[in-house]
Amino acid sequence: MQIITSREQMVSIAREIQRGGSTIGFVPTMGALHEGHLSLMREARAQCDVLVVSIFVNPTQFGPAEDFEKYPRDLKSDAALLIRESVDFLFAPTGTDIYPPDFSTYVTVEGLSEQLEGASRQGHFRGVATVVAILLNIVRPDVAFFGQKDAQQAAVLKRMVRDLAFDTKVIVLPIVREESGLALSSRNAYLSDEEKRAATVLHRGLSQVASAYENGEHNGVRLLELVRATIAAEPLAQLDYVSLNDAETLKPIEHIAERPALLSLAVYLGKTRLIDNIVLGESGKQDAAVARG
Ligand code: AMP
């Protein structure tokens, strides 16, 4: 595996790969890699000739009171994991390689960025869309892989890729969970043992909703109430929001009819904020979705 730190070098490698007629699969990450990230890489490896992974803790997607400084960083152990996954190129740029001095161009995906995570994390999706646009322009991947774990991010990026005509196919892959049901996340490293045990309440709430839905409960108010009650019963958990939205447009919905619905939530365990979600009404398919830009 080659480690690339400069934008220019990554651009010229990507150009060369394309001239040679090989396809590039790309997995953008912020590092602190876990099986969720690796699942994206394995699929990229299977679908594309050359696999590029980026690790960049993107400052513009963190709010001023958020955990940018303390976000877990361990490039050495991440690189060892990537070698085991047969990654060809690790792109690990510096801050100024992504954001040169006087940087002043941002991407805003209107209508999908303001609600849910966007309401709790002002400017978050502007930061995400901007950095992914820059990375896609540098790496020029044929296919980019994202996780359903960040459902709103996936919706925002699919829209951006379509609207701005990026020549990249976006593939969204299912959430990888621990046996306890807890969705893997780099932020799980912040949890104490007790908080980690309590954090299984997110998945428990979502599973109850899934069963209720399967048993014919399609009323949004009642489904949301189920989750609220489950979270409220866990003393270490504090609900930030739970919401039912159209899975593609992210418009709030009150009743699940023919279109897939996203039930998503954010919960504090102490100071750590975790998110999770479930898609209802996707004809047996839980999370995976594909869009062409
Ligand atoms: P991050 O490093 O948190 O920016 O995540 C990089 C990519 O990995 C994003 O597309 C995430 O949605 C995805 N991802 C994170 N956690 C999981 C998980 N538990 N299962 C599947 N994908 C995940």
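Ala, Val, Leu, Ile, Met, Phe, Trp, Tyr, Cys and Pro are counted here as nonpolar, Asp, Glu, Lys and Arg as charged, and the others, Gly among them, as polar. The model is predicted, so that local features need pLDDT of at least 70 and side-chain atom pairs count only at pLDDT 80 or more, whereas totals for chains, interfaces and linings use all residues. Residues are numbered from 1 along each chain as its sequence is written, and side-chain values use heavy atoms, with hydrogens and water left out.

The largest cavity (a set of points on a 1 Å grid over the protein atoms alone where a 1.4 Å probe fits but cannot get out, lined by residues with an atom within 4 Å of a point) holds about 50 Å³ of space, the volume being that filled by probe spheres set on points joined across faces, edges and corners. Its lining divides into six nonpolar, two polar and two charged residues, including Lys 149, Leu 182, Asn 188 and Asp 276. Strand β9 (residues 272-280) gives the most to this lining, with three residues; strands are DSSP runs of E of at least two residues, and helices runs of H or I of at least four, numbered from the N terminus.

The ligand is surrounded by 17 residues, each with a heavy atom within 4 Å of it, and the closest are Met 30, His 37, Asp 150, Val 176 and Leu 184. By class, this shell has nine nonpolar, six polar and two charged residues, and α2 gives the most to it, with three residues. Among the polar contacts (pairs of N or O atoms within 3.5 Å), a side-chain N or O atom of His 37 lies 2.9 Å from an oxygen atom of the ligand.

Conventions:
Polar contact = N/O pair within 3.5 Å; in protein donor to acceptor, adjacent residues only side chain to side chain. 1 Å grid on protein atoms, 1.4 Å probe; cavity = no way out; pocket = protein on both sides within 12 Å on 5 of 7 lines; lining within 4 Å.
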